[in-house]
Amino acid sequence: MTSSSWKTVPIQSSEITPKHLYLRRREFLKLGTVGAAAAIVAACSGSADSTSEVLPSATRIPQIGKDEYGDPLTPYEAITNYNNYYEFSTNKEAVAKLAKNFQTRPWTLEVGGLVAKPRQFDIEDILQKYPQEERIYRLRCVEGWSMVIPWLGFPLAKLLKEVEPLGSARYVRFISVARPEEMPGMRSSFYPWPYQEGLRLDEAMHDLTILALGLYGELLPNQNGAPIRLVVPWKYGFKSAKAIVKIELTEQQPQTFWNLIAPHEYGFYSNVNPQKPHPRWSQATERRIGESGRRPTLMFNGYAEQVAHLYSGMDLMQAY
Ligand SMILES: Nc1nc2c(c(=O)[nH]1)N[C@H]1C(S)=C(S)[C@@H](COP(=O)(O)O)O[C@H]1N2
Ligand SMILES: [Mo]
């Protein structure tokens, strides 16, 4: 399937980005690039703190890449100024500013539960130890918009293998940081903080599933989930928990943030399935940020070839 017939239009500033960001974008482009596409980025070291710090030997890649359907990357400004991150705000355009001073160092990621070798990973060690590779993935939000994002990350499976999951482990639970003093959205006691998500172990071990530490050749901006977030491209965006502090292997299927809030709207699997409407709206089409009109949503967000086998024999209208 190709999408070359889809018309792309410049992003409307009224829709997504204030004008000063366009100016910054021009500066960004002036910095130039060293090379493009599929940069394999060496591990980073040192006091990586600033969100604008470039990963050593990473390429600041302008939006010239494309995904495997030939679709262009979503501009950096849109990816970093139109965010879902309820700990900061439910207003997508307010998150970037509110997250500006969020502290991402020091940071420890605890991996435990049903594993032989539970461990606390320091974020700097993760950056050192796991080479970052670029993965251009589509992110499809359940709200009906999508983006094409050049992540920098590494397969979650590498980290999980290191802690040696026990035979009894069947699921993986991801817990985001909860720091109300830095996260104004957490004043809302309506939400079941901390944000948490879950995967079946085989989904978590799939090569498409990554822990991302960067995008567009840089460390992750705070609003996109710094310092480390999950990215599961064949599921709705909400599966991809941000600012993870704990990964726990379990025997029982974990609770998830959205399932706790609205169990009849958000199932555990959350695979992108255009045939299964959300109770309040269709999921058949999506609006690619930067385009006018809507395009059909693809089964498993376009990754069916790689992941459909994980669900053979399951009724995906029931297990949504
Ligand atoms: N901790 C946390 N992670 C989260 C969310 C959130 O509110 N809190 N929102 C999710 C949703 S609904 C989406 S669509 C994606 C958005 O990621 P982005 O802002 O990097 O595009 O993050 C997901 N991860
Ligand atoms: Mo979302």
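Student: Where does Ala 243 lie?

Tutor: In this predicted model, Ala 243 is in the loop between strand 10 and strand 11 (244-250).

Student: What sign does phi take at Ala 243?

Tutor: The general idea comes before the case. Most residues other than glycine have a negative phi. Ala 243 is not a glycine, yet its phi is positive, about 45°.

Student: Which residues does a cis peptide bond join?

Tutor: Again, the general idea leads. Most peptide bonds are trans. Here a cis bond joins Trp 193 and Pro 194, with omega about -5°. Another cis bond joins Ala 226 and Pro 227, with omega about 0°.

Student: Where do Pro 194 and Pro 227 lie?

Tutor: Pro 194 is in the loop between strand 6 (171-176) and strand 7 (196-200). Pro 227 is in the loop that runs between strand 9 (218-219) and strand 10 (229-231).

Student: Next, charge pairs. How many salt bridges does a search of the whole structure find?

Tutor: Side chains of opposite charge can pair when their charged atoms come close. The search of the whole structure gives 20 salt bridges. One of them joins the side chains of Arg 140 and Glu 286, at 3.5 Å from N to O. This pair links distant parts of the chain. Arg 140 belongs to strand 4 (residues 132-140), Glu 286 to strand 12 (residues 285-288), and the two are 146 residues apart.

Student: Now the ligand. Which pocket does ligand 1 sit in?

Tutor: Ligand 1 occupies the second largest pocket. Around ligand 1 there are 15 residues. The closest are Tyr 86, Glu 87, Arg 229, Ser 240 and Lys 242.

Student: What classes of residue make up the shell around ligand 1?

Tutor: Six are nonpolar, six polar and three charged.

Student: Which atoms of ligand 1 pair with Tyr 86, Glu 87 and Ser 176?

Tutor: Take them in turn. With Tyr 86, an oxygen atom of ligand 1 is 2.8 Å from a polar backbone atom. With Glu 87, a nitrogen atom of ligand 1 lies 2.8 Å from a polar side-chain atom. With Ser 176, a ligand 1 nitrogen is 3.0 Å from a side-chain N or O atom.

Student: How much of ligand 1 does the protein bury?

Tutor: Alone, ligand 1 exposes 540 Å². The protein buries 99% of that area.

Notes:
Residues numbered from 1 in each chain as written. Chains lettered and ligands numbered in written order. Predicted model: local features only at pLDDT ≥ 70, side-chain atom pairs only at ≥ 80, totals over all residues. Heavy atoms only, no water. Near = heavy atom within 4 Å. Polar contact = N/O pair within 3.5 Å; in protein donor to acceptor, adjacent residues only side chain to side chain. Areas by Shrake-Rupley, 256 points an atom, 1.4 Å probe, with all protein chains shown as cover. 1 Å grid on protein atoms, 1.4 Å probe; cavity = no way out; pocket = protein on both sides within 12 Å on 5 of 7 lines; lining within 4 Å. Sits in = over half its atoms within 2 Å of the grid points. Nonpolar A, V, L, I, M, F, W, Y, C, P; charged D, E, K, R; others polar. Salt bridge = Lys/Arg side-chain N within 4 Å of Asp/Glu carboxyl O. Helix = DSSP H or I, 4+ residues; strand = E, 2+ residues; numbered from the N terminus.
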